[in-house]
Amino acid sequence: MSEILVKDKEIVVPGEILAKGMDFLPAGGAIREGENIVACRLGLISVDNRLVKVIPLTGRYIPKSGDMIVGEVAEVGLNGWRVEFGWAFQANISLKDGSNDYIERGADLTRYYTHGDLVVGKIVKIAGPKIIDLTMKGPGLRKLGPGRIIEINPQKVPRVIGKAGSMISMIKEHTGCNMIVGQNGRVWLSGTDPKKEALAVEAIRMIEEQSHISGLTDAVKKFLEKEAKK
Amino acid sequence: MNNYTKTVLESGVRFDGRKLDEFKKPIIIELGISKNAEGSAKVTWGETEVAVGIKMNVGTPYPDSPDKGVLITGAELAPMSSPDFETGPPGQQAIELARVVDRGIRESNMIDTKKLCIKEGELVWTVFLDIYILNDSGNLIDAAALAAVAALSNTVFPKLEGNQIKFGEFTKNKLPINLLPITSTAVKIGNKILVDPSLDEEKAIDARITVAVSEKGDIHAMQKGGSVGLTIDEVDQMIDLAIKKSKELRKLIK
Amino acid sequence: MSYTKRPDGRKFDETREIEAKVGIIKRADGSAMFRIGKTIALAAVYGPKELYPAFMQKSTTGILRCYYDMMSFSVTERKRPGPTRRSNEISMVTRDALLPVLDLSKFQNTVVDIFINVIQADAGTRCAGICAAAMALADAGIPMKDLVSSVSVGKVGDKIVVDLDKTEEDYEEGATDLPLAFMPGTGKVTLLQLDGNMSKDEIKKALEMGKKACEGIYKVQKEALKARYKK
């Protein structure tokens, strides 16, 4: 006989038995141990028919193909660039992925990106644990201008972005800041007024801390409106 | 990023919205964090946390001060407290931290070391002051010094039998304290002078000046850090700011 | 003479008061405090991150490093800062106590570091360190199939007891210390040491008592992890 032992959206810890019997299947953050489905991450339960998974609440960013990330150029080589983006190993931008323009071998690569530049790129291929390829070709992928980098819990990125980008648009609208949220938990933020920038940072921190409450968008809106009147 | 910190600061606004002369909040001193220490304190300063413990023992005095007790200060930038710290023996930053904190205490004669003499030339008290950084979110020197002074001013002697310490047994006699030095730092980033840098700001620091100041306003120790030169006027301004802010810290310790 | 009463009045199978808190070190990827009686341990986890030197890297899995230490003032006689033979050994058995629950296979070539520091010691510090470390690993989002709960059991005089404090460890008619760790889910032992003198039957009994005590400890760890994210 199969039974589920947890409720949807419940917080579970590693090792907690989520379901007994073979009728349920483990998905991300859960594993099968004999008859049981067991959590292997600290996170929130999501039950979808027979599928039981744990959505992590915490943890470093793990690179995934297709992710848009915010990074910093760490090294300019002969055949491309190395980018630090919060993972254990740097990503690589090859000459062909460096720009929409054709880059000739032997060209001065610092003209495109140089040490310390902030970039938003997309992971195109992970060929091995230490071989991560990044591209700069695609809509929105580019070198970022001067701005702040805010590190957030990568698991909270979807909340900061909001449904169809609603949360981020709202913060942009209220603060006049430009913002790019990388899947790697790095937010680039740049505005004309440092006070508004600080306000945008506060709003992001608020989302990060209260990500689990419902009606968060309204709460953030109220906060921004209240601060605007000050 | 560092440049951006400066650009924003030029407009007089800090990343976290504080005023230039405003400390992070909260600043909390917690006493008695280890019952096995003769004195101990933890300072929470914004998100920075520092633990200081005092252990006492007896030993021979230094030949040049046969009637005085000995103070030995150490610091560990524990790798627990920051991704930037490594395991292994204390590096230059840890040693500077320990020495700056030590100088404030030593040179102000905070501890009445003559009262730590048991038998001149033979036996004196040794005070071991150990600093452990638990979380580094900036401004470690000021936080560590505050914790050190708090721990010392709440230190009691252990029991002594003959020439031996009864480990784990304490008397009610407090460590003799003359005065409380407060160590306070002002930093210069670009054209701005400010206190209590955040981590972002620390990466952009051009110069810093730390002073250890008594209640009367005497300066007992100073340390300039950072790789940019300062005009005499700037030095003057930075010392003024550090002294002004030391008064706020002094209120916390009394 | 029979050992009839524990100095703090506890039952023989009773642990001291336990407190746990998760997320105490802001800069760490995961962190926790675990207090049992007057013993307090902190743990912080950093990683997965790049492992230096590169030749230490394993292409099949990430590795775990563990550093246990005591603050100089955590004990009655000052401990010189820095690692000792004792702390090195404890670091190793702590790592071995935690490894069975971890899955670092997806973090090839990386390292996960655990730093454990004891602020106040009153016996059972390695066990408190393991309890804190297990919570810190979960808080760091490291994939684990279980937690690890740890307690010291042993014999004081003629009685088998759970969670010896320092007074009991120093009992003049003799005390045996048997630090243990369990994976609560499977009930398997991941740490086992003994200092002293016990018969095999006594050890069996002590293991059972330790397992039961760890069930209680596990509940506290679990609640602390959940409390961090509930609010």
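Two strands count as paired if DSSP finds at least two bridges between them. Keep that handy for the first exercise, and remember throughout that this is a predicted model.

**Exercise 1. The sheet in chain A**

Work out the strand order of the open sheet of 4 strands in chain A, and see how its neighbours pair.

*Solution.*
- Start with β7 (residues 43–48) and β8 (residues 51–56) of chain A: 6 bridges join them, and they run antiparallel. The cut-off is at least two bridges, so these strands count as a pair.
- Check the register. Ile45(A) sits opposite Val54(A) in β8(A), and Ser46(A) faces Lys53(A) in β8(A).
- Look at the link. β7(A) and β8(A) make a hairpin with 2 residues between them, and Asn49(A) in the turn has a positive phi of about 55 degrees.
- Now try β4(A). It is joined to β8(A) by 2 bridges, and these two strands run parallel. Here Leu25(A) is opposite Leu51(A) in β8(A).
- Put it together: the order is β2-β7-β8-β4, with mixed pairing.
- Finish with the edges. β2 (11–12) and β4 (25–26) of chain A each have a single partner strand, so one side of each has no neighbour in the sheet.

**Exercise 2. Two helices in chain A**

Classify the packing of α3(A) against α4(A), then say which residues make the contact.

*Solution.*
- Get the geometry first. Helix α3 (residues 166–175) and helix α4 (residues 194–209) of chain A pack at about 155 degrees, with axes 9 Å apart.
- Anything over 145 degrees counts as roughly antiparallel, so that's the label for α3(A) and α4(A).
- Add the hand: their crossing is right-handed.
- List the contact. α3(A) brings Met167(A), Ile171(A) and Thr175(A), while α4(A) brings Lys196(A), Leu199(A), Ala200(A), Ala203(A) and Ile207(A).
- Sort that contact by class and you get 6 nonpolar, 1 polar and 1 charged.

**Exercise 3. Two helices in chain C**

Describe how α2(C) meets α4(C), using the axes, the hand and the residues.

*Solution.*
- The axes of α2(C) and α4(C) cross at roughly 35 degrees and come within 11 Å.
- The crossing of α2(C) and α4(C) is right-handed.
- On the α2(C) side, look for Cys131(C), Ala134(C), Met135(C), Ala138(C) and Asp139(C); they meet Ile217(C), Gln221(C), Ala224(C), Leu225(C) and Arg228(C) in α4(C).
- The tally for this contact is 7 nonpolar, 1 polar and 2 charged.

**Exercise 4. What chain C touches**

Take the two contacts of chain C, with chain A and with chain B, and work out what goes into each.

*Solution.*
- Begin with chain A. The contact uses 25 residues of chain C and 20 of chain A.
- β3 (39–50), α2 (125–139) and α4 (200–230) of chain C each supply at least two residues of the side that touches chain A. α4(C) gives the most, with 5 residues.
- By class, that side of chain C has 9 nonpolar, 6 polar and 10 charged residues.
- Move on to chain B: 31 of its residues are in contact with 24 residues of chain C.
- Elements giving two or more residues to the chain B side are β3 (48–59), β4 (70–76), β6 (123–135) and β8 (164–174) of chain B.
- This side of chain B divides into 13 nonpolar, 12 polar and 6 charged residues.

**Exercise 5. Overall dimensions of chain B**

Compare the radius of gyration of chain B with that of a compact globule.

*Solution.*
- Chain B has 5 helices and 12 strands.
- For 254 residues, a compact globule would have a radius of gyration near 18 Å; chain B has 19 Å, which agrees.
- Along the principal axes, its C-alpha atoms fill a box of roughly 65 × 35 × 30 Å.

Methods. Residues numbered from 1 in each chain as written. Chains lettered and ligands numbered in written order. Predicted model: local features only at pLDDT ≥ 70, side-chain atom pairs only at ≥ 80, totals over all residues. Axes fitted to C-alpha atoms, helices over the stretch in contact; angles between N-to-C directions. Parallel < 35°, antiparallel > 145°, perpendicular 65-115°, else oblique. Left-handed = near helix turned anticlockwise from the far one by under 90°. Contact = placed C-beta atoms within 7 Å. Nonpolar A, V, L, I, M, F, W, Y, C, P; charged D, E, K, R; others polar. Rg over C-alpha atoms; globule rule 2.2 N^0.38 Å.
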